[in-house]
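Open the model in your viewer and keep the sequence panel in sight. This tour goes stop by stop: what to select, then what is there.

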Amino acid sequence: MATKRDYKEEYSEYHSKSDQKKNRAGRNKARRTALAKGKVKKGDKKDVHHKDGNPRNNKAGNTAVVSRKKNRGSYRFA
């Protein structure tokens, strides 16, 4: 019989890694920039999409405001 997984521990271990913290900071920065420019509003159910998939690349040409469904959909994994 396999041992029981501790999903809470796995989650916290993954999200506390240095690279993941930097990626999260990049996504937050892109959102704040879009808010300041008036492209998004709080509660508008939109995401800031990074076209090249790199959340640390916040150049204007690499970001776009899209729906949550489009940004979080399974198309990225195909």
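Start with a term that returns at many stops: buried means under 20% relative accessible area, exposed means over 50%, and partly exposed is in between, with a 1.4 Å probe and protein chains only. This is a predicted model: local features need pLDDT of at least 70, side-chain atom pairs count only at pLDDT 80 or more, and totals for chains, interfaces and linings use all residues. Residues are numbered from 1 along each chain as its sequence is written, and side-chain values use heavy atoms, with hydrogens and water left out.

**Stop 1: the whole chain**

Color by pLDDT, the predictor's confidence in each residue, from 0 to 100. The protein chain averages 92, and 94% of the residues score at least 70. Helix α2 (residues 18–37) has the highest confidence, at a mean of 97. Confidence is lowest in α3, at 90.

Now switch to cartoon. You should find 3 helices and 2 strands. Their order from the N terminus is α-α-β-β-α. Helices (H or I, at least four residues) and strands (E, at least two) are DSSP runs, numbered from the N terminus.

Turn the chain to view its dimensions. The C-alpha trace spans about 55 × 25 × 25 Å along its principal axes. The radius of gyration is 15 Å, whereas a compact globule of 78 residues would have one near 12 Å. That radius is taken over C-alpha atoms, and the globule rule is 2.2 Å times the number of residues to the power 0.38.

Show the surface next. The accessible surface comes to about 6700 Å², and 52% of it belongs to carbon and sulfur atoms. Accessible areas come from the Shrake-Rupley method with a 1.4 Å probe; for residues, only the protein chains shown count as cover. Of the 78 residues, 22% count as buried.

**Stop 2: Arg 5 and Glu 10**

Select these two as sticks. Their side chains meet in a salt bridge (2.6 Å, N to O). The term covers a side-chain nitrogen of Lys or Arg within 4 Å of a carboxyl oxygen of Asp or Glu. Glu 10 is partly exposed, with a relative accessible area of 34%. The structure holds 4 salt bridges, and two others come up on this tour.

**Stop 3: helix α2**

Select Ser 18, which is in helix α2. Ser 18 counts as partly exposed, at 45% relative accessibility.

Move to Arg 27, also placed in helix α2. At 41% relative accessibility, Arg 27 counts as partly exposed. What is Arg 27 in contact with, leaving aside its neighbours within four places in sequence? Select His 50 and Pro 55 to see the contacts. Contact here means heavy atoms within 4.5 Å. Then pick the C-alpha atoms of Arg 27 and Val 48: they are 21 residues apart along the chain and separated by 7.8 Å.

Now select Arg 31 and Asp 44. Their side chains meet in a salt bridge of 3.5 Å, N to O. Arg 31 lies in helix α2 and Asp 44 in the loop between α2 and β1, so the pair ties together parts that are 13 residues apart in sequence. Arg 31 is partly exposed, at 23%. Asp 44 is partly exposed too, at 27%.

**Stop 4: strand β1 and helix α3**

Select Asp 47 and Arg 72. A salt bridge joins their side chains (2.8 Å, N to O). Asp 47 is in strand β1 and Arg 72 in helix α3, so the pair ties together parts that are 25 residues apart in sequence. Is each end buried or exposed? Asp 47 is buried, with a relative accessible area of 11%. Arg 72 counts as exposed, at 55%.

Add Asn 71, in helix α3 (residues 68–72). Asn 71 counts as buried, at 10% relative accessibility. Its side chain makes a polar contact with the side chain of Asp 47 (3.2 Å). A polar contact is a pair of N or O atoms within 3.5 Å; within protein, one must be able to donate a hydrogen and the other to accept it, and residues adjacent in sequence count only if both atoms are side-chain atoms.

Add His 49, in strand β1 (residues 46–50). The side chain of His 49 makes a polar contact with the side chain of Asn 71, at 2.8 Å. His 49 is buried, with a relative accessible area of 16%.

**Last stop: Ser 18 to Asn 71**

Draw a distance between their C-alpha atoms. Ser 18 and Asn 71 are 24 Å apart in space and 53 residues apart in sequence.
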